[in-house]
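Here are some exercises to work through with the structure at your side. Try each task before you read its solution.

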Amino acid sequence: MYRRLYPAVISSPVTSHLSPLPANPAAPRRRTVVLAAAATAALAPLAGLGASAAHAAAVAPAPAFLHGVASGDPLPDGILLWTRVTPVPEAAPGSGLGPATEVAWEVSEDKAFSRVVARGSVTATAAADHTVKADVRGLRPQTPYWYRFTAGGTVSPAGRTLTAPAHDVNTSGVRFGVVSCANWESGYFSAYRHLAARSDLTAILHLGDYIYEYQSGGYPEAKYVVRQHEPKHEIVSLADYRVRHGKYKTDADLQALHAAHAIIAIWDDHEFANDAWAGGAENHTPGAEGEWAARAAAAKQAYFEWMPVRPSIAGTVYRRLQFGTLADLHLLDLRSFRSQQAKVGSGSVDDPERTITGRAQLDWLKSGLAGSNATWKLVGTSVMISPVAFGSLPAHLLQPLTKLLGLPEGGIAINVDQWDGYTDDRKELLGHLKDRNIKNTVFLTGDIHMAWANDVPVNMATYPGSGTAATEFVVTSVTSDNLDEMLHVPADTASLVAETAIKAANWHVKWLDMDAHGYGVLDVTAERSQMDYYVVSDKRRQDATAAWARSYRTLSGTQKVERVTQPVR
């Protein structure tokens, strides 16, 4: 039965008009009648035109949906829908060209769209790069829906999405695909294809580096590039970021992922520039590339235009989603408020005036963790919170590791782009977990192109005696280069030496894989949270296969990870 829905909330600068469905679906709505009359009136003059003029009108280019459809940020009663319409061929991403175009959307309980439960329209404009969002509410909890868009008679591909469980429901489980670090030039997105093929996922958690900002051949070197960026230069302006986002969303595997599952995304540095912080980035030259504030604002605008993400506090991505009484998901923004990374030898990593989160976000996170009644507190963090000491590594291994992990190239064993470079924030957060006896906190992390399963020590210096405050699962990259690729040596050569040295110096690191590319699947029940790690056979092949590699879990109440011999089925 059709239901009257709450008004849709649409992300600025596009607008939407929600049309409640009629009580009698067989009766034409007034809007339908008006549109039909308008169409008849518009076609009538063609009868008096010459054959050539009528033909020209008939073959005028129709709007197109070239960048797929997407949904994101599932709520118990709603979902955020996204697409991009190309109203005329010249209205390419970043062009600023093309007329305002009305885009209709509809949501159905079935794939055939015979049970439509919500519909509305959005005006796509060049001011928003002809991207559109519809924040649909009034849906049922934990229910699959199908959605699609229409413009000028052109119908988009259909997407499937899933709403979250009701906040007060003791749901039996949730399951997330987990990904990060997808560099277009480094390979193909087959990891996305394999996740798209799964029908058992609640949503996809993307932990950052959805796009990369480098010029073509900047990373990796030109001779190792699998496919070229657009634009080919490093992206700096709003138009540049729009073009790069648009190029990514022409990828068939990425389109399939978005069409199959809702996505929950946060950004990391490469949505802006390498090693970004509140006032700049390693990969930004003031003057030559403009002011950082303007570049960061352009990157954020393009991100919110092109991603099915609701802007949160202060226009950032830190926000919280709830999945019944089973899990709260706290999502962090670790680029917008952080202090500049520590300098080599400065000794400032312990400075209490330096921050990775910013005061407001850290207080928000602590309050949310302490006030959560969920069995599991999941924290999406774009960079690793577990401490890492390196012991003794050969110089030829330490140098590429400094690039992957953000270490000072002088070799000081501090990972300054991660939480290791902001130890006061980490100490406060982990102390909060211990002092408040907050159990079952699991950090979910990307960024460093490696897979890890870690206990998170309360105090690294006295671990294991200090105990653990949480656990952490880090997923490897979709395509971005790992250690052996940076050294241009066969897999499982240099990486094995580095892995052995790191694990020997870090007892809390239970597993580390420096070679693979792939994704994770996090399965959460009341009894445990388990991460299944999957690897793809060859990132340079579009037809790459995927295989399970390892699994680790955290049993409720333990704050420790342990190996599991098989993935969740």
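Two strands pair if DSSP finds at least two bridges between them. Keep that in mind for the hairpin and sheet below, and remember that this is a predicted model.

**Exercise 1. Find the strands that pair with β7, and say in which sense they pair.**

Step 1. Start with strand β4 (residues 101-108): five bridges tie this strand to β7 (residues 144-151) in the antiparallel sense. Val 107 has Tyr 147 of β7 as its bridge partner.

Step 2. Now look at strand β9 (residues 159-162), which runs antiparallel to β7 and is joined to β7 by four bridges. Here Tyr 145 stands opposite Thr 161 of β9.

Step 3. Finish with strand β8 (residues 154-155), which pairs with β7 in the antiparallel sense over two bridges. Thr 150 has Val 155 of β8 as its bridge partner.

Step 4. Check the turn: the hairpin of β7 and β8 has two residues between the strands, and Gly 152 there takes a positive phi near 55 degrees.

**Exercise 2. Which residue other than glycine has a positive phi near 55 degrees, and where is its place?**

Step 1. The residue is His 130, with phi near 55 degrees.

Step 2. Follow the chain to the loop between β5 (116-124) and β6 (131-136), and you will find His 130 there.

**Exercise 3. Locate the cis peptide bonds in the loop between β11 and α4.**

Step 1. Tyr 219 and Pro 220 are joined by a cis peptide bond, with omega about 0 degrees. Pro 220 sits in the loop between β11 (203-206) and α4.

Step 2. Another cis peptide bond links Glu 230 to Pro 231, with omega about -10 degrees. Pro 231 also belongs to the loop between β11 and α4.

**Exercise 4. Describe how α4 and α6 pack.**

Step 1. Recall what is needed: two packed helices are described by the angle between their axes and the distance between the axes.

Step 2. The axes of α4 (residues 238-248) and α6 (residues 292-306) come within 8 Å and cross at roughly 35 degrees. The crossing is right-handed.

Step 3. Pick out residues that make the contact: among them are Leu 238, Tyr 241 and His 245 of α4, and Ala 298, Ala 302 and Trp 306 of α6. Sorted by class, the contact has seven nonpolar, three polar and three charged residues.

**Exercise 5. Trace the open sheet of seven strands and explain why its edges have a free side.**

Step 1. The order is β13-β14-β15-β16-β18-β17-β19, and the pairing is mixed.

Step 2. β13 (319-323) and β19 stand at the edges with a single partner strand each, so one side of each has no neighbour in the sheet. From one strand to the next, the twist averages 20 degrees.

Step 3. Zoom in on one pair: β16 (residues 441-445) and β18 (residues 468-474) are parallel, with four bridges. Val 442 stands opposite Thr 471 in β18.

Step 4. Add the helices. Helix α7 (residues 359-371) packs on the sheet, touching β13, β14 and β15. Helix α9 (residues 423-435) lies across β16, β17 and β18, at about 120 degrees to β18.

**Exercise 6. Which element gives the most to the lining of the largest cavity?**

Step 1. The largest cavity holds about 50 Å³ of space.

Step 2. Both β19 (509-513) and β21 (528-536) give two or more residues to the lining. β21 gives the most, with three residues.

Step 3. By class, the lining has nine nonpolar residues, one polar and one charged.

Technical notes: Residues numbered from 1 in each chain as written. Predicted model: local features only at pLDDT ≥ 70, side-chain atom pairs only at ≥ 80, totals over all residues. Heavy atoms only, no water. 1 Å grid on protein atoms, 1.4 Å probe; cavity = no way out; pocket = protein on both sides within 12 Å on 5 of 7 lines; lining within 4 Å. Points joined across faces, edges and corners; volume = space filled by probe spheres on them. Nonpolar A, V, L, I, M, F, W, Y, C, P; charged D, E, K, R; others polar. Axes fitted to C-alpha atoms, helices over the stretch in contact; angles between N-to-C directions. Left-handed = near helix turned anticlockwise from the far one by under 90°. Contact = heavy atoms within 4.5 Å.
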